[in-house]
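User: Please examine the structure shown below. I shall put several questions on it, and I should like each answer to be reasoned.

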Amino acid sequence: MNTRGLRSQLKDSVPVTGLAPQAGAYGVPDTMRRGFSSVKNELLPSHPLELSEKNFQLNQDKMNFSTLRNIQGLHAPLKLQMEYRAARQIQRLPFLQSSNLAIDTLRGTDDMIGFEDILNDPGQSEMMGEPHMMVEYKMGLL
């Protein structure tokens with residue numbers, strides 16, 4: 001096994017938070033709710049551009065907010081961030097797929113057809129579950 005190559009990959013990679021499997025009530029990953037976990041995906045990103053693509057929308061929003069702040073002042077990005085936060089709180093039940101139309105309208109992407117619009121069909125979603133159990137889990141009853 002070539003440990004030199006692995007060590008250089010670990011040294012050059014950016015640590016990614018939130019990829020560790022979420023432990024259930026007994027310290028064991030909850031595969032029924034979160035699916036199977038892959039050790040390789042938890043250690044390293046599979047491609048150097050993966051982190052950039054994952055954070056694209058966040059970086060785009062930061063750039064838009066800084067431009068808006070320079071042009072209109074501090075109130076404009078703060079108002080837009082409050083509107084984003086309010087739009088994110090509007091959700092359907094946990095077992096129903098949400099289109100996030102309010103956020104798309106605020107970002108100005110509601111009239112564009114993208115990759116996620118074609119291949120994000122709720123009928124082909126891997127997230128299927130017991131509706132009552134999902135609502136109870138979301139409310140903290142389980």
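User: Is Glu50 buried, partly exposed or exposed, and what is its relative accessible area?

Analyst: The model is a predicted one. A residue counts as buried under 20% relative accessible area and as exposed over 50%, with partly exposed in between. Glu50 falls in the middle class, because its relative accessible area is 26%. The answer is therefore partly exposed, at 26%.

User: Which residue forms a salt bridge with Glu50, and how far apart are the closest N and O atoms?

Analyst: The two residues of this bridge both lie in helix α4 (residues 50-54), four residues apart, about one turn of the helix. In an α-helix with 3.6 residues a turn, residues three or four places apart point the same way. The partner is partly exposed, at 48% relative accessibility for Lys54. Glu50 is bridged by Lys54, and the closest N and O atoms are 3.8 Å apart.

User: How many salt bridges does the structure hold, and which residue forms one with Arg107?

Analyst: The structure holds two salt bridges. In the bridge of Arg107 the closest N and O atoms are 3.1 Å apart, and the partner is Asp61. This pair links distant parts of the chain, with Arg107 in helix α7 (residues 101-107) and Asp61 in helix α5, 46 residues apart. The count is thus two, and the residue bridged to Arg107 is Asp61.

User: Are Arg107 and Asp61 buried, partly exposed or exposed?

Analyst: Arg107 has a relative accessible area of 29%, so Arg107 is partly exposed. For Asp61 the relative accessibility is 9%, which is under the 20% limit for a buried residue. Arg107 is therefore partly exposed, and Asp61 is buried.

User: Over the face of which residue does Arg107 lie, and at what distance from the ring centre?

Analyst: The ring concerned belongs to a residue in helix α6 (residues 75-89). That residue, Tyr84, is buried. Arg107 lies over the face of Tyr84, and its distance from the ring centre is 5.4 Å.

User: How many aromatic pairs does the structure hold, and what are the centre distance and the angle between the planes for Phe65 and Tyr84?

Analyst: The structure holds one aromatic pair. Phe65 and Tyr84 form this pair, which is tilted, with 5.9 Å from centre to centre and 50° between the planes. The pair links distant parts of the chain, as Phe65 is in helix α5 (residues 56-72) and Tyr84 in helix α6, 19 residues apart. The values asked for are one pair, 5.9 Å and 50°.

User: What span should the 17 residues of α5 have, and how far apart are its end C-alpha atoms?

Analyst: The expected span is 1.5 Å times one less than the number of residues. For the 17 residues of α5 this gives 24 Å, which agrees with the separation of the end C-alpha atoms, so both values are 24 Å.

User: Which residue follows α5, and what is its phi?

Analyst: Helix α5 covers residues 56-72. The residue that follows α5 has a positive phi: it is Gly73, with phi near 105°.

User: Which residues form the nonpolar patch on the surface, and what is their accessible area together?

Analyst: One of the members, Ile118, is found in helix α8 (residues 115-119). Ile118 is exposed, because its relative accessible area is 60%. The patch is formed by Ile113, Phe115, Ile118 and Leu119, with about 530 Å² together.

Definitions and conventions
Residues numbered from 1 in each chain as written. Predicted model: local features only at pLDDT ≥ 70, side-chain atom pairs only at ≥ 80, totals over all residues. Heavy atoms only, no water. Phe/Tyr/Trp six-rings, centres within 6.5 Å; stacked < 30°, edge-to-face > 60°. Buried < 20%, exposed > 50% of the residue type's maximum accessible area, 1.4 Å probe, protein only. Lys NZ or Arg CZ within 6 Å of the ring centre and 35° of its normal. Patch = residues over 30% accessible without salt bridge, like charges linked within 9 Å, V, L, I, M, F, W, Y side chains within 5 Å. Areas by Shrake-Rupley, 256 points an atom, 1.4 Å probe, with all protein chains shown as cover. Salt bridge = Lys/Arg side-chain N within 4 Å of Asp/Glu carboxyl O.
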